[in-house]
Amino acid sequence: MDQQKKEPKKEPAKKPFNLQIWYILIAAFLFMSLSSYLFNPVGGNISYSEFKSLLKDGRVDSCQITSSLIKGTLRADDLRSEKKQTFVTARVDDPDLVKELEAQGVQYAGNYENTWLQQFLFTWILPIGIFFLIWRFVFKKMGGATGSIMSFGKSKGKIYAQEDLKFSFDDVAGIDEAKEELQEVVEFLKTPHKFTNLGGRIPKGVLLVGAPGTGKTLLAKAVAGEAGVPFFSISGSEFVEMFVGVGASRVRDMFGQAVQKAPCIIFIDELDAIGKTRGSNPIGGHDEREQTLNQLLVEMDGFGANAGVIIMSATNRPETLDPALLRPGRFDRQVVVDRPDLHGREAILVIHSKGVKLDKNVNLKSIAAMTPGFVGADLANIINEAALLAARRSKETVGMSEIEEAIERVMAGLEKKKRIINKQEKEIVAYHECGHALVASFLKTADKVKKISIVPRGIAALGYTLQLPTEDRYLMTKVELIERICVFLGGRIAEEIIFKDVSTGAQNDLEKASEIARRMVKYYGMSDKLGIMTFEPENKSFLGYGMSTGKEYSEETAREIDVEVKKIIDDTYTKARELLENKKPMLIKLAKILMENEVIEEDELRKFLDKEKEGKIDETNVN
Ligand code: ADP
Ligand code: ZN
Ligand code: MG
């Protein structure tokens, strides 16, 4: 079942919401209100009419008149205390005031208020300050640049090597194939001379590909730990900085350090954050990410293959990566980090339950059986949750009930992310994959089945049947193409035979089958009715953009092509169905085995088939 399942995009770690900006805004507000209070207090302690009546009564001694206020003191005879009593009132437009003051013989003076500072503050400093704050706020949101402007460049985010990592391959379980492949990298880092003396070229870049939580980061650290070399680690999203040139300068800096510390490992996590296909920016132009990527490519090409620096990288979306990254001399080696199967999950549980006091009745094997599709991180999470639950219940040991509850919790989270398939789905997938595998096994020209799996693979499918060609092929015959279509249809047919119903999981298979049939008719002249003729030059893609050249045949021919394509599919379908109907008991048996073990390897399948075939030898030749 090659149904595409979109992995939820791994969200970049959220920054804690930045409160600082609010502090600054509040401070600015307080400052504004304070200064306005200081510079022009509104109103006063008496009203203007009171002031006038005091004036009339002759009790005002002196006053100062500013543009907005009248401040003054009252005559001594009115003093109840030693202190001179002062008053302030707001000034109103009163042309007779001066006359009255003179009539009462009050000392008065105008006062030129010095508002220069005030004006300067309000017309210059404050707007600039606010503008600056907004600018910082916006860019903080956009680029995540922290720290002040002065600190960007080289010193900031300087990447130091971690030495003496305590991880080893023993901390990683369930992904043995990936471990095996990386063993060579460890060997090289440990004894580079052994390789270089022979003139061998060591892989420069290793790309770990796998679903989130399958242990890619852990694996990279384990390689460094096993080899005992320094480990430079940075995540792609950290590279992407706000200020142009910072990402690129970081790359340069890191490689510079690494060469000095060789042999060592540079690990770039979440490569997709910088390694997205260039030129996908609709507005065009270089952005920061692109510059960083370019710098990375330059650096990777820059030092020799045997400089002793191995660049490891991890991604869960290899399909988005710029093809330039995958060229020889760059990340030319790709290691798939699969979801663990039953045994793998058990092994991972063993590792993570080491430090946890488990109850005697806890059976890790049955936990592994309960958790199909879980990755290492999920399993680690389960053990941890269970331990927390047990602690909350003041238990001495972690029991099965806590673990089951923890599984439920983790599963609920995963179900939302669509990573877990239910029992019924699992059954459908198992029959579907066995359908592919059986058809492939009984056709002469079909590629050998290497592995059948219903461990959902994060990147693409719920299950898969891996076929490997036994030799390189440059030409394919009509029979081979037809048999290939048969294999693609096998999954769907198995579902029909067993469940009398079909699922959406075959979409990708059907697409591929139709594509082959269409090519047979249009390009290879393999249709009896339309004869030896091609109907469209093969799509030459120009720089990766599919450029359709338009049809070079009539509507009528188009219709005939469709009819012919359908005929090929229909004929093939009948043959494949016949084949599978005959093998129905075998299909059921095989699917049962698959459901139990989740994975069937090549030799296991061969043994099964040999045993089944012993009685009746009938090679069905679909042709
Ligand atoms: P990834 O980088 O693939 O997203 P990590 O390496 O960050 O996954 O895994 C997160 C954690 O999950 C690890 O620190 C480890 O505790 C646990 N884990 C994941 N995979 C495995 C594994 N295969 N074996 C043991 N522990 C694992
Ligand atoms: Zn399929
Ligand atoms: Mg990771």
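Which of the 17 residues around ligand 1 come nearest? They are Ala173, Gly213, Lys216, Thr217 and His352. Keep in mind that what you're looking at is a predicted model. Besides ligand 1, there's a zinc ion (ligand 2), coordinated by His432, His436 and Asp509. Here's a quick tour of both sites, and then of a few residues that are worth finding on screen.

**Polar contacts of ligand 1**

- Start with Gly213, where a polar backbone atom sits 2.7 Å from an oxygen atom of ligand 1.
- Thr217 uses its side chain instead: a polar atom there is 2.6 Å from an oxygen atom of ligand 1.
- With His352, the partner on the ligand is a nitrogen atom, and an N or O atom of the His352 side chain lies 2.8 Å from that nitrogen.
- On its own, ligand 1 would expose 550 Å², and the protein buries 81% of that area.

**What the shell around ligand 1 is made of**

- Three helices each supply at least two residues of the shell: H7 (216–227), H12 (342–352) and H14 (376–392).
- H7 is the top contributor, giving 3 residues to the shell.
- By residue type, the shell around ligand 1 splits into 8 nonpolar, 6 polar and 3 charged residues.
- If you think in domains, look at domain 2 (153–336) and domain 3 (342–412), since the shell takes at least three residues from each of them.

**The zinc site**

- The zinc ion (ligand 2) is held at 2.1 Å by NE2 of His432, NE2 of His436 and an OD atom of Asp509.
- Along the chain, the donors of the zinc ion follow the spacing H-x3-H-x72-D.
- His432 belongs to helix H16 (residues 423–442) and Asp509 to helix H18 (residues 507–522), so this pair ties together parts that are 77 residues apart in sequence.
- How exposed or buried is His432? His432 is buried, because its relative accessible area is 0%, under the 20% cut-off.
- Asp509 also has 0% relative accessibility and counts as buried.

**Glu496, in helix H17**

- You'll find Glu496 in helix H17 (residues 478–499).
- Its relative accessible area is 16%, so Glu496 is classed as buried.
- The side chains of Glu496 and Tyr573 are joined by a polar contact of 2.2 Å.

**Three loop residues to look up**

- Asn422 sits in the loop between helix H15 (400–416) and H16.
- With a relative accessible area of 42%, Asn422 is partly exposed.
- Asn422 and Pro372 are 50 residues apart in sequence, and their C-alpha atoms are 9.2 Å apart in space.
- Lys500 is in the loop between H17 and H18, and its phi is positive, at about 55 degrees, although Lys500 is not a glycine.
- Is Lys500 buried or exposed? Lys500 is exposed, because its relative accessible area is 67%, over the 50% cut-off.
- Glu598 lies in the loop between helix H20 (584–597) and strand E12 (599–601).
- Glu598 has a positive phi too, near 70 degrees, and is likewise a residue other than glycine.
- Glu598 is buried, with a relative accessible area of 3%.

Key:
Residues numbered from 1 in each chain as written. Chains lettered and ligands numbered in written order. Predicted model: local features only at pLDDT ≥ 70, side-chain atom pairs only at ≥ 80, totals over all residues. Heavy atoms only, no water. Near = heavy atom within 4 Å. Polar contact = N/O pair within 3.5 Å; in protein donor to acceptor, adjacent residues only side chain to side chain. Areas by Shrake-Rupley, 256 points an atom, 1.4 Å probe, with all protein chains shown as cover. Helix = DSSP H or I, 4+ residues; strand = E, 2+ residues; numbered from the N terminus. Nonpolar A, V, L, I, M, F, W, Y, C, P; charged D, E, K, R; others polar. Domains from an automatic or database assignment. Donors = N, O, S within 2.8 Å, 3.2 Å for Na, K, Ca; no water. Buried < 20%, exposed > 50% of the residue type's maximum accessible area, 1.4 Å probe, protein only.
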